[in-house]
Structure formats: structure tokens, C-alpha cells
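Walk through this predicted model one feature at a time. Keep the coordinates open while reading.

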Amino acid sequence: MKTCAAASLKAIAYQAADHPAGTGTGAAIVQFTNTTAKSCVLQGHPTVAGAANGSPELNVPLKVTPTGSASPVKLSPGGQAWLKLTFVQVQGEGDGYCESGSAPVIYPTMVIGLPGAGKHQVALDDGQFTECDGTVTATAVSATRPS
């Protein structure tokens, strides 16, 4: 079965219910929906970049630490798959701070790349992505919605 083409997927992102303590994004769920009439497959861990004001040349790639195994997920027409991104959490109030001493970074959107399935720009449904240290832990695409 063919890998889902970028144009056949709709991607959205929302805050994860289960996330590290702090005031940043902590963790986000990215949901992919097959918008075509044909089944296709997603597999693998994502690449993740912070998107700077929607200008692709200004995107900032984050260092991704993959977790879990990557098995193929078949998406029937209208079918969904998910992955979870866990960020180094921003601490404190207001603008906050990073425990590492670096400054927190805020991105209005993130660009999520999937092996063979293109890149997808997503915004959080309630706010912006805030993170520390330019790193993210990412699960592989899964047929089970993470929390």
C-alpha cells in the first residue's frame, strides 16, 4: 500500500492532556486525517521545526529524540493517526525561563515532517508552541490516540 501523500492529509495539533509540569506547551498531539477516497499508510518518527512567521526559509529544526517503535499505520478514507511531541518545559510565570539557562522560544506554528508523506504546518488549537532548548521527544505515528 502506498504512503499517504502530503496533499491527502489534513494535520491539526492540540495540547496533550498528559504533559510535564510548567507553563509552556509541554506536550502536543498532532492528528493526521486521510482526506482521500483511497487507503494509504503512514509510518515513522517525525521531523519537527519551529515555523517563524510562516516563512519556510526561517524555520528552526528542533533536535528530535524518537521514542517507541515505528510500525505502519493504515489510514482508510477518513481514518486518523496520531503522534505526540513532548517539549522541554518552560518554568515560572509570565515569559518564564528554561532550567538550562537558555531563553524560552515561542513558535506560532510547527512544521511536522513524516517519512514519505511530506511536511505539514500546524498551529495549536489554543495558543502557541513554547519550548526550551530546541529539542523535542516524538513518538512514531500511531493508530492509537495518545493522551
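C4 and C40 are joined by a disulfide, with an S to S distance of 2.0 Å. The link of C4 and C40 is right-handed, with 90° about the S-S bond. It connects distant parts of the chain. C4 sits in the segment before β1 (9–15), C40 in strand β3 (residues 40–42), and the two are 36 residues apart. Are these cysteines buried or exposed? C4 has 0% relative accessibility, so it counts as buried. C40 has a relative accessible area of 5% and is buried because the cut-off is under 20%.

A search of the whole structure finds 2 disulfides. The other bond joins C98 to C132, again with S to S at 2.0 Å. Here the angle about the S-S bond is -90°, and the link of C98 and C132 is left-handed. C98 lies in the loop between β8 (80–88) and β9 (105–107), while C132 belongs to strand β12 (residues 129–139), so the pair ties together parts 34 residues apart in sequence. Both ends are buried: C98 has a relative accessible area of 4%, and C132 has 0%. Count the bonded cysteines along the chain, and the pattern of the disulfides is 1-2, 3-4. In general, such a link is a covalent bond between the sulfur atoms of two cysteines.

Turn now to the pairing of strands. An open sheet of 4 strands runs in the order β5-β4-β10-β11, with antiparallel pairing. Its edge strands are β5 (60–61) and β11 (118–123), each pairing on one side only. Strand β4 (residues 47–51) pairs with β10 in the antiparallel sense over 5 bridges. On the other flank in the strand order, β10 (residues 109–114) and β11 are antiparallel over 6 bridges.

Individual bridges give useful landmarks. V111 in β10 is the bridge partner of A49. V111 also has a bridge partner in β11, namely Q121. G113 stands opposite K119 in β11. A hairpin connects β10 and β11, with 3 residues between them. In that turn, G116 has a positive phi of about 75°.

How many residues of β10 are buried? The count is 6 of its 6 residues, and the strand is mostly covered. In a regular strand the side chains alternate between the two faces of the sheet. In β10, T109, V111 and G113 are on one side, and M110, I112 and L114 are on the other. All of these are buried, and both faces of β10 are covered.

M110 and I112 lead on to the packing. They are among the residues with the most contacts inside the largest nonpolar core, which has 28 residues. F32, L42, L85 and F129 are also in that group. Several strands feed this core: β1, β2 (27–34), β3, β7 (73–75), β8, β10 and β12 each supply at least two residues. The largest share, 4 residues, comes from β8.

A second, separate core has 5 residues. Y14, A27, I29 and W82 are included in this second core.

Some elements return across these views. Strand β3 holds C40 of one disulfide, and strand β12 holds C132 of the other. Both β3 and β12 also supply residues to the largest core. Strand β10 does so too, and β10 pairs with β4 and with β11.

How values were computed: Residues are numbered from 1 along each chain as its sequence is written. This is a predicted model: local features need pLDDT of at least 70, side-chain atom pairs count only at pLDDT 80 or more; totals for chains, interfaces and linings use all residues. Side-chain values use heavy atoms; hydrogens and water are left out. A disulfide is a pair of cysteine sulfur atoms within 2.5 Å. Buried means under 20% relative accessible area, exposed over 50%, partly exposed in between (1.4 Å probe, protein chains only). Two strands pair if DSSP finds at least two bridges between them. A nonpolar core is a set of buried Ala, Val, Leu, Ile, Met, Phe, Trp, Tyr and Cys residues joined through side-chain atoms within 4.5 Å.
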